[in-house]
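Work through the exercises below with the sequence and the coordinates open beside you. Each task is followed by a solution that goes step by step.

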Amino acid sequence: MSSISDSPRGSGFHLSQLIYDTRYRSMTIQVVTFLLVVLAIWQLGSNLLANLANLGQEPDFGFLDSRAGYDIGSGFGTSIIGYTSASTHIDAAFVGILNTLLVAFLGIVLATIIGVIAGVLRLSKNWLVSRLMAVYVEAFRNVPLLLWIVLIYAVMTESTPQPRAFRVDEAGIADAYMVFDAIAITNRGVYLPGPIWGPNSGILIAVFIASVIGALVYRRYAKKLLFDTGRLLPMVWPAIVIAFLPVILLFFVLGRPVGLDYPVLGGFNFSGGMQISNPLVALWLALSLYTGAFITEIVRAGILSVSKGQSEASEALGMRANRTMSLIILPQAMRVIIPPLTSQYLNLTKNSSLAIAVGYPDVRATLGGITLNQTGRALECMLLLGLFYLALSLIISFVMNVFNNSMKLQER
Amino acid sequence: MSDTDSQVTNAYFRETMLAQQTPPVTETGAIKWLRENLFPTWLNGIMTIVALYAIWFILSHIGPWFLNGIWDAQSLSECREIRDATLGPDASAACFAVISDRWQQLVFGFYPQSAYWRPTLAFFLMLAGLAPVLFGAIPRRWLTASMLTPFVIYFLLWGGSVWVPAFIALGFVVGGLTARVLGRLNQMVALIGTVLIVGLYWAFIAVPLANAVHSILPIGIMAIPSSEFGGFMLSVVIGMAAIILSLPLGIVLALARASDLFLVNKLAIGFIEIIRGVPLIVWLFTASLLLNYFLPPGTNFDLTLRVIIMVTLFSAAYIAEVVRGGLAAVPKGQYEGADSLGLDYWQSMRLIVLPQALKISIPGIVNTFIGLFKDTTLVVFIGLLDPLGLTNSIRASTDWNGIYWELYVFIGLMFFIACYAMGRYSMYLERKLQRENR
């Protein structure tokens, strides 16, 4: 701060300088802090070891390789890992991790869609629509997420028909009908048509991936051309054509290798197709609607942060409304939107641990739930669980930081 | 020239003003408003119609259910009998009787019925204690009384000897005196000395002293263990305690994170990131399953207290990030101005930087508090009976087996009121503190 008050160099060192001399004081503070922290950690650690010794437990991760012996309901994670009750605890943990990643990914996608649409509608000049969106935001932001999860789960299990309600009686009437004859929403889960992968479907997927890359390359080229020469190529329609036309043509050329397997009511339940369990639906919808309400406000604040002069200037240049939005307002709004959006994504991922309320087998339920209770290895399980969430948070932050840097204002 | 003149004189023109006419119907009143706000373009008109349909859809389902609500019954089956008798078996009617029957449980949990006056009084004391903090119109000297209310509330809720909270409160007096005496020597000595002496006082002197005084002069009320706390009372106790404790802790963490001191800075970053990177529910399980492992063997303390500590640490990390944003937003000239006035670190923070930084961070801090209060519902998973946990125990009774919506609506409404009020207050505070446009 003020170097005048420090005693001149070379006049010998006094002990009081450790407190009064700004050159040494910061060192003193840090050493004291360090000693206190080491003392606290040592105290906690010795307590831990003493307690574990009393219980006759040494920290040991060997239990992860032993047989789990419990079943996890069929679903995304179970089918990928190929999990059975004969698998190990570590496999159970991976099933949980995959399920957590699934619901987090689905939630982030849907929450972003809801948030962006609601955020734009919130700014609509339409009085009714903007008020409706305000009600949505306030209702979801001011009520605990847990309540929304159990509420939506109760809707899914208590208010939806049983599978047998879909049975058509002699008069051709059923108590409940499938949506588009394809989707059945029942109290045992949602049944959707699932894809059947025929012999040549691998080629189809490869072509699809290639054409999506082609569409991205085209967009890049068009953008470069615009910035270099000012020539504006149409971007949206050609990109869609490049991405989808080859696949659709090939689909018929190869003789429809991919078909749809519709759920069919047989016995007491539906069979065939794809089943999405009610816990997953409830958790997914609740997480998306809840986080979507926060994203709505973020998008709204982002769009409002772009000064009015920007849109006026773009109109003065003769740009159409959609081009003003996509070329002028959104790129500037994105810079304000991305940092808080990242923290909402992180919140959603962490909040997916509320799966406990509906019995969805996420990583907290397998590793931090049944495995923990069966083996009694609370310390090891909680440590691994914490590390997993920490790593996931850091990865999401990292990805969003990269995205943020690519959107940042290019300053000279 | 004359030609044109004559043309003008020949031309017809009106010499009197037209009588004022009412504007066309489409340009006035409700129709104009409708046209401009609901049907300005085709697309907008379609959106309006979709929105109207959505509102009608929701109201037509919830409206009759809500309006037909039955408030006076002893069980769900009785509710259904009343509905069948008055409205017919197909009518939808809410059974709010569960709330009139069980509201005491939803509010107080399993707190002894004879002692309901204690949490009620504590609640009003809390409001009274908060008022001088929240509203500047109330004289500042009431703040001293506000500082006492937490101890009185603790005494009312937990009961037991009056001397324990009294001697713990005395710690602040001890701290104040130490700071004053040591402050004459040196600021840093005063800070370290005060923290040390108060810490030692609380750890080793306060409770034995209180017990000693209690054995001479026993004053107290029935002690009630916190395992009997429940319902909204539990949510408010955890929420308020964590809010009050996490704000100062969060500010200290933010200062540490913004500090130039390498070690302090890195420790703060590590603490904040680890806390924020892991979901609260994992921390709560840690509190209930693991915390005892880290304490001296043989100690076992209250689960509610452990939860309060965990929730406090959790929200302190979030507040630290919010305040860090505020600290970064204060212009550098303000820091330099404080330095050039010769203020030391704590003076410049207390008098110049923090008032501005905290003003900027108000919306973020209040949002963190709202999130914290909502997150108190998570304690249900470690066996505490918050309102959502009580819905399960209410459903477990034969009278109310199978009741969902009415309870959820009630709980949601209570949380909505509390959180919405907090949000509104933060807006009021922001407007009040806005100094640029005065």
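**Exercise 1. Describe the contact between the two chains.**

Step 1. Count the residues on both sides: 45 residues of chain B are in contact with 49 residues of chain A, two residues being in contact if their C-beta atoms, placed from the backbone, lie within 7 Å.

Step 2. Assign the side of chain B that touches chain A to elements: those that give two or more residues are helix 3 (42–67), helix 11 (262–277), helix 12 (280–290) and helix 17 of chain B, where helices (H or I, at least four residues) and strands (E, at least two) are DSSP runs numbered from the N terminus. Helix 17 of chain B makes the largest contribution to this side, with seven residues.

Step 3. Sort this side of chain B by class, which gives 34 nonpolar, nine polar and two charged residues; here Ala, Val, Leu, Ile, Met, Phe, Trp, Tyr, Cys and Pro count as nonpolar, Asp, Glu, Lys and Arg as charged, and the others, Gly among them, as polar.

**Exercise 2. State how the model is numbered and what confidence it carries.**

Step 1. Residues are numbered from 1 along each chain as its sequence is written, while chains are lettered from A and ligands numbered from 1 in the order in which they are written. This is a predicted model, in which local features need pLDDT of at least 70 and side-chain atom pairs count only at pLDDT 80 or more, whereas totals for chains, interfaces and linings use all residues.

Step 2. Read the scores: the model has ipTM 0.86 and pTM 0.86, and chain B averages a pLDDT of 86, with 97% of its residues at 70 or above; pLDDT is the predictor's confidence in each residue, from 0 to 100.

Step 3. Compare the elements of chain B, among which helix 1 (residues 2–10) of chain B has the lowest mean pLDDT, 54, and helix 10 of chain B the highest, 93.

**Exercise 3. Set out the dimensions and the make-up of each chain.**

Step 1. For chain A, list 13 helices and seven strands; for chain B, list 17 helices and two strands.

Step 2. Take the radius of gyration over C-alpha atoms and set it against the globule rule, 2.2 Å times the number of residues to the power 0.38. Chain A has 29 Å, whereas a compact globule of 412 residues would have a value near 22 Å; chain B has 31 Å, against a value near 22 Å for a compact globule of 438 residues.

Step 3. Add the extents along the principal axes, about 105 × 75 × 45 Å for the C-alpha trace of chain A and roughly 115 × 80 × 40 Å for the C-alpha atoms of chain B.

Step 4. Give the buried share, which is 30% of the 412 residues of chain A and 29% of the 438 residues in chain B; a residue is buried if 20 or more other C-beta atoms lie within 10 Å of its own, exposed if 12 or fewer, and partly exposed in between, with C-beta atoms placed from the backbone.

**Exercise 4. Trace the packing of domain 2 of chain B against domain 3 of chain B.**

Step 1. Fix the bounds, which come from an automatic or database domain assignment: in chain B, domain 2 covers 106–111 + 227–438 and domain 3 covers 119–158.

Step 2. Locate the C-alpha centres of these domains of chain B, which lie 19 Å apart, and count the contact residues, seven from domain 2 of chain B and five from domain 3 of chain B.

Step 3. Examine the side of domain 2 of chain B that touches domain 3 of chain B: helix 10 of chain B supplies its largest share, four residues, and by class this side has seven nonpolar, no polar and no charged residues.

**Exercise 5. Follow the strand pairing around Tyr191(A).**

Step 1. Strand 1 (residues 184–186) and strand 2 (residues 189–192) of chain A pair in the antiparallel sense over three bridges, pairing being assigned if DSSP finds at least two bridges between two strands. A hairpin through two residues joins strand 1 of chain A to strand 2 of chain A.

Step 2. Tyr191(A) in strand 2 of chain A is the bridge partner of Ala184(A), and Tyr191(A) also stands opposite Gln275(A) in strand 7 of chain A.
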